[in-house]
Each structure stands twice: as structure tokens, then as C-alpha cells.
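Open the structure in your viewer and keep the selection tool at hand. Each stop below says what to pick and what to look for there.

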Amino acid sequence: MTAPSSEITNVGDALEGLVHQFADPWAFLRELIQNAIDAGSPQIDVRIDHDAGRGAMIIEVADAGEGMTREIIDTRLTRLFSSAKEGDYTKIGKFGIGFVSVFAIDPELICVDTGRAGEWWRVVFRRDRTFERIRLHDPVEGTTVRLYKAAKATEVEEARERARATLAYWCKHVKVELRLDDELVSGPMDIDGLCKVTHEEEGTALVMAIVHEAEALRGYYHGGLTLHEERDGSLPFIAYKIDSRFLEHTLTRDNVIRDENYAKAMTIVQQVARGPLMDRVFAALERIAAGEAVAPEVRERLYQCAEAPFNDQYAEPRWLAAPIVPTLGGPPVAMKTLRERARARPVLCATAMSPLVAAMLADNHTVVACSSHDAIDTLVYTATAAWSTPITNWCTALPLAPAEVESWAPLCAAMRALVKARGYKVREVAIGRFDYPESAIAGRVAITQARFGECTPIAEVGQLASGWLASGRVLVLSASHPTLLHLRAVATREPELAAYLAIKSFFLHGELSSTTDAELASAAAEARWRRMDG
């Protein structure tokens, strides 16, 4: 019986809509592979050949699954189509919805060979969506689908690359052996990253790792087939792939349905990210803090990730107690310990051991091995609610050997006399070295200190005061500064001139008024006159 024309038109329009339901027309390969997997095939072979004589491209998808009987063909495969013999449209069948996508690339002919339970069939679909069922006499194993489309050799090569890209996206993690022109396409669900962790429970498998991109990969799969892949920053630097019974694709296959089942899958993701993954991160940081060599970017990324539990208030006590903060002059410390120490003294940071660091350690400071405001310092801030103080906020002067000090005596004596004549409270003019790791005064001519060799705040190294209430300071000259090395030689002949130029160079690091300069010059000239007159 032939259906009314209006019904035929409506079903035909619906069929055309299903043909073009996918955002990518080559996604029909995904549908055929899913059908083969559902049929229990352990392997699937996709081939793309060119028949030069007929000027045709042949796309073949062959599986070794259960195949189909006539009943399955009639009730599942062809229910969307019009029989060439019967001229009848029938209702939509679930199996056929994906299969109709083979028409998306507009082939001239589609041939399906299949067999099961001792019967073998060929179903031929034409461009007008009509089909014909033919009984075969020779056995057929599984199901083979062939698409025939007019194409030049160059178009076939383009189609092969398109097929390769399509399979690499949609089918790269299928749990069967999938090949394209004998080249293996399928492989395990994996991520290249740090602290990789896997998780499995009923109906769900998950792999997760730390990566270098803040907007990391999120891959959603069902039965090994890709549902959707995207990049998102909701879990910064954490990439994951999840294959779950809770996930389904949209009708157009361009996204994953975000419903209550999706929320269940995301709960699993959150639990793994906040549990096993962070355990791996903190275990790795313990090794790094203890001296394990890693690339700087790896170190930075892991310390960045360690902040998340504390910022989001889900940190486990075991993470607070993990010795992950590297220090200079001592073993790594836990964030809990750092928090306690910071209540007594400010935490400092430096990148290398130095005499200044050693002095700070002797004064019971904790010196974290990091740069100011890097990932480790941010972790310090998370633990203590304060940024660490850079070691460069302080300085010191290193002593010279007695024999070397002696050669500086004329310049030091002349400078002490000059600043004293000007009324500055200077107890001593000494000579020292400023060239130690992370020195903040390496380029200075001189500094002042309350006592030679102490740890002096950088804000105080230019202090030189006069008056009854001023405290006396030590003026320390740099033994390696080229200006002073020259003035040391000048001081053997003209000590007052050398002293004037040296003290002027010191003042140039701050503010040297014309009045002060004139007073120093006058005092130097008067001292020289007295020496020459005497």
C-alpha cells in the first residue's frame, strides 16, 4: 500500500533533515564505526580507493561484527527509506538515524553487504534515497558499507586527508582496532602532562594531568567515541578526558548535552581534581623542594596548581603538613610551619645562598628559595597572608684582608676628616666588598651602616646626618668600584681632592645640593691648604 503524498513529503523532508543533521558531513564515518562497534566487531577497516577507469572514489567501511538478517535490515536499516519495489515510506528506526548520514557527501550509490544466521544480503541505496534488497549466495562476514562517488584522483587524496582528520577526532579512542588504509587510528585515552592520574568506576573512566595551558583540554567521550572536545579555564592548568555513561552528544554531534547526568560526570572530575591529582602534585613538590631537578616551567606550573586547594578552601591537612616550600640553609618546610614562623619574623626570599642570607639565617629568619612574586612566593602569600620580603631589601658589607685594607688608609683617613669637618656623625670610614649573590649595592660607591658588616635595610644605606641628636654611622667604601680604585691612587698625592670626589660620588646616589657640594669643596680646599702650609 502506498502512503498518501503529503505523508511521503513530510517523511522525505524529515529524512533530508537527518541527512544534514551533523555539523561535519564526514561525521558519517563516526556513525558507521559506532554501528560496527555496537555489532561487536573487534576490528574495523576503512579504505578509500580510486577507480580511474570509472572516475569514481570508493569509500569502504568493513567490520567483523554480527551482521544483519533480513529482519534486522527491514526493521532497523531501511525503515527511513523508500523501497524501490514496494514504494513505501515507513517509520524512523533508531539504527537508521545515524546511517542516513552516509548521504551527506552526496554519493551516487551506497552498497551494504551483510550476513547473519546463514543468510547473506546486499542492500543498494541510490541517490534518490530508494533502496533495493538482494539475496547473496556467497557467505558474507560482518558488514561492509561502500560509498561510490564521482571524483578525480586529486579529490580522492583530499578525501583521504579529510577522512583521516575525521577519524582522528571522533574515533581516536575507540576500544577496537580501527585502521584507515592499513594505518592504525585508534589508541588509548591518554593525556601528555604532569602528575597524571587515572580513575575508573562503573561506567566511567577518567585521565587527568597538569598541563602548561591555563585553558586546558576537556575531552568528553562515550564508549571511546568523541562527543566533544573544548578548552576551558574552569580548572586552570588541569586537562582531562572522561569517557562516561553519563555523557551524550547533541543531535548535531557538535557538543555534549549539559544535563543532570553531565553534572554527575563533572562531580567525578571535581573529586579526582581535588583528591588524587592534588596528592600527586604535592608529592612531586616534596621531591622538587628536596632537590629533584626539573625544568623551571614544570616547577612553576606545579606550584601554581598547589595554590588552588587553599584558595578554594578545600585543602587537606596532609597538604598543609607536606614539606613543599624550599628554603636556603635548611630543609624544606610545610606551609603550616611557614605560617607559624611568619608570626614571629617576616619571611624572606632569595635565589642563592650568600653572606647576607647566612646573616639573616643566624638572626632566625626563614629564607625561602624563590624570587619575589613567583609561584612559590605566591604560595607563601597563601600560607602567611603576606608576601615574602626580598633579600634585596637588605644589604651588608664584607671585610677585606688586613693587607688589602692598608692600601686604602690614606683615602679613608682623608674622607673621615672631611665629613667630620662638615659636621657629619661618622664614627669610622671603612673599606669592604659589596659583590655577593643578589647584592642590591653592587654598583654603589659607598654605603653607611650602624656597624660594619651588619644587615642594613636598603632604605638606610644613604643616611649620613649631622647635629647633636644624630647617631654616628660607619661609612663603608666599595673596594671594587672603579671610581674608588682610581681615587685610592690619587689619595697618595692629593688626599683631600680624592676624599672630596669620593664623598661627592656617595652623595650622588641621593640628593646633593649645590650648598652641600660647595661646603665639601671648601672644607677639602682648607684641609689641603693647612697640609701644604704645614
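**Stop 1: a five-stranded sheet**

Select the five strands β10, β11, β14, β12 and β13. In that order they make an open sheet, with mixed pairing. The model you are looking at is predicted.

Which strands stand at the edges of this sheet? They are β10 (194–201) and β13 (225–232). Each has a single partner strand, so one side of each is left without a neighbour in the sheet. Now look along the sheet. Neighbouring strands are turned by 10° against each other on average, direction ignored.

Zoom in on β10 and strand β11 (residues 204–210). These two run antiparallel and are joined by six bridges. Pick Val197 to see one position in the pairing: Met208 in β11 stands opposite Val197.

Add helix α7 (residues 276–289) to the selection. Helix α7 packs on the sheet and touches β10, β11 and β14 (238–244). The direction of α7 makes about 155° with that of β10.

**Stop 2: a three-stranded sheet**

Clear the selection. Pick β21, β24 and β22. They form an open sheet of three strands in the order β21-β24-β22, with mixed pairing. The edge strands are β21 and β22, and each of them pairs on one side only. Here neighbouring strands are turned by 25° against each other on average, direction ignored.

Take the β21 side. Strand β21 (residues 426–432) pairs with β24 in the parallel sense, over six bridges. Two pairs are worth labelling. Glu428 stands opposite Val474 of β24. Gly432 has Ser478 as its bridge partner in β24.

Now take the β22 side. Strand β22 (residues 446–449) and β24 run antiparallel, joined by four bridges. Label Gln449: its bridge partner in β24 is Val474. You have met Val474 already, opposite Glu428.

Stay with strand β24 (residues 473–478). How many of its residues are buried? Six of its six are, and the strand is mostly covered. Show the side chains. Arg473, Leu475 and Leu477 point one way from β24. Val474, Val476 and Ser478 point the other way. All of these residues are buried.

**Stop 3: helices α8 and α12**

Next comes a pair of helices. Two packed helices are described by the angle between their axes and the distance between the axes.

Select helix α8 (residues 296–311) and helix α12 (residues 375–384). They pack at an angle of about 15°, with their axes 8 Å apart. The two helices are therefore roughly parallel to each other. Their crossing is left-handed.

Show the side chains where they meet. From α8, the contact is made by Arg299, Glu300, Tyr303, Gln304, Ala306, Glu307, Phe310 and Asn311. From α12, look for Ala375, Ile376, Thr378, Leu379 and Thr382. Colour the contact by class: six residues are nonpolar, four polar and three charged.

**Stop 4: helices α16 and α17**

Move to helix α16 (residues 495–507) and helix α17 (residues 514–533). Their axes come within 9 Å and cross at roughly 165°. Are they roughly parallel or roughly antiparallel? That angle makes α16 roughly antiparallel to α17. The crossing is right-handed.

On the α16 side of the contact, pick Pro495, Glu496, Tyr500, Ile503, Lys504 and Phe507. On the α17 side, pick Asp517, Leu520, Ala521, Ala524, Ala527, Arg528 and Arg531. By class, this contact has eight nonpolar, no polar and five charged residues.

**Stop 5: two single residues**

Select Thr144, in strand β7. Is Thr144 buried or exposed? Thr144 is buried, because its relative accessible area is 12%, and buried means under 20%. Show its surroundings. Leaving out residues up to four places away in sequence, Thr144 touches Glu60, Val61, Ala62, Cys111, Val112 and Asp113.

Finish at Asp138. This residue is in the loop between β6 (130–136) and β7 (143–150). Asp138 counts as exposed, because its relative accessibility is 58% and exposed means over 50%. Draw a distance from Asp138 to Gly115, C-alpha to C-alpha. The two are 9.7 Å apart in space and 23 residues apart in sequence.

Key. Residues are numbered from 1 along each chain as its sequence is written. This is a predicted model: local features need pLDDT of at least 70, side-chain atom pairs count only at pLDDT 80 or more; totals for chains, interfaces and linings use all residues. Side-chain values use heavy atoms; hydrogens and water are left out. Axes are lines fitted to C-alpha atoms, for helices over the stretch in contact, and angles run from 0 to 180 degrees between N-to-C directions. Angles under 35 degrees count as roughly parallel, over 145 as roughly antiparallel, 65 to 115 as roughly perpendicular and the rest as oblique. A crossing is left-handed if the near helix is turned anticlockwise from the far one by less than a right angle, and right-handed if clockwise. Contact means heavy atoms within 4.5 Å. Ala, Val, Leu, Ile, Met, Phe, Trp, Tyr, Cys and Pro count as nonpolar, Asp, Glu, Lys and Arg as charged, and the others, Gly among them, as polar. Buried means under 20% relative accessible area, exposed over 50%, partly exposed in between (1.4 Å probe, protein chains only). Two strands pair if DSSP finds at least two bridges between them.
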